[in-house]
Amino acid sequence: MDELNRKWMPIRLGGDPDNKISLLMDYTDNPRSVADPWYTGDFETTYRDIVEGCEGLLRKLTEE
């Protein structure tokens, strides 16, 4: 999901009162959208972004 999708999700879902909609990279030190290989052809960067985001999300879940 990229920033545009995040913007429209609350509209489609009828809101996000608990602020649960986020980007995977929000759980990293460098919040942004995951690199999109459709445009870049760079699957390695996309893979690294996903791993970094998943590790950050796991850290957050295990802290709670």
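Tutor: Before we start, a helix here is a DSSP run of H or I that is at least four residues long, and helices are numbered from the N terminus. Keep in mind too that we're looking at a predicted model.

Student: Okay, which residues of helix H3 lie about one turn of the helix apart and pair up in a salt bridge?
Tutor: Both partners sit in helix H3, four residues apart, which is about one turn. Neither is buried: one is partly exposed at 47% relative accessibility, and the other is partly exposed at 45%. Their side chains meet with N to O at 3.7 Å, and the pair is Arg48 and Glu44.

Student: What is the order of elements in the protein chain, from the N terminus on?
Tutor: The chain has three helices and zero strands. Reading from the N terminus, that gives α-α-α.

Student: How much of the chain is buried?
Tutor: The cut-off for buried is under 20% relative accessible area. The C-alpha atoms fill a box of roughly 35 × 30 × 15 Å along the principal axes, and the chain exposes about 5200 Å², with carbon and sulfur atoms supplying 55% of that. Of the 64 residues, the buried share is 14%.

Student: Which residue caps the N-terminal end of helix H1?
Tutor: Helix H1 covers residues 3–13, and at its other end it is followed by Gly14, which has a positive phi near 80°. For the cap, look for a side-chain oxygen 3.2 Å from the backbone nitrogen of Leu4. That oxygen belongs to Asp2.

Student: Now Ser33: how far is Ser33 from Asp2 in space, C-alpha to C-alpha?
Tutor: Ser33 is in the loop between H1 and H2, and counts as partly exposed at 26% relative accessibility. Its contacts beyond four places in sequence include Asp2, Glu3 and Asp49, and a polar atom of its side chain lies 3.4 Å from the backbone nitrogen of Glu3. Although Ser33 and Asp2 are 31 residues apart in sequence, their C-alpha separation is 5.1 Å.

Student: Which residue is the salt-bridge partner of Asp26?
Tutor: The whole structure has four salt bridges. Asp26 lies in the loop between H1 and H2 and its partner in helix H1, so the pair ties together parts that are 20 residues apart in sequence. Both are partly exposed, Asp26 at 27% and the partner at 22%. The N to O distance is 2.5 Å, and the partner is Arg6.

Student: Is Asp49 buried or exposed?
Tutor: Asp49 forms a salt bridge with Arg32, the closest N and O atoms being 2.6 Å apart. That pair links distant parts of the chain, Asp49 in helix H3 and Arg32 in the loop between H1 and H2, 17 residues apart. Arg32 counts as partly exposed at 28%. With a relative accessible area of 5%, Asp49 is buried.

Student: How far apart are the centres of the positive and negative side chains?
Tutor: Start with the counts, which are 8 positive and 14 negative side chains. Take the centre of each set, and the distance between the two is 5 Å.

Student: Last one: of the contacts with a separation of 6 or more, what share comes from residues 24 or more positions apart?
Tutor: We've already met a contact of that kind, as Ser33 touches Asp2 from 31 residues away in sequence. Across the whole chain, the share is 31%.

How values were computed. Residues numbered from 1 in each chain as written. Predicted model: local features only at pLDDT ≥ 70, side-chain atom pairs only at ≥ 80, totals over all residues. Heavy atoms only, no water. Polar contact = N/O pair within 3.5 Å; in protein donor to acceptor, adjacent residues only side chain to side chain. Helix = DSSP H or I, 4+ residues; strand = E, 2+ residues; numbered from the N terminus. Buried < 20%, exposed > 50% of the residue type's maximum accessible area, 1.4 Å probe, protein only. Contact = heavy atoms within 4.5 Å. Areas by Shrake-Rupley, 256 points an atom, 1.4 Å probe, with all protein chains shown as cover. Lys, Arg positive; Asp, Glu negative; His and termini not counted. Charge placed at Lys NZ, Arg CZ, Asp CG, Glu CD.
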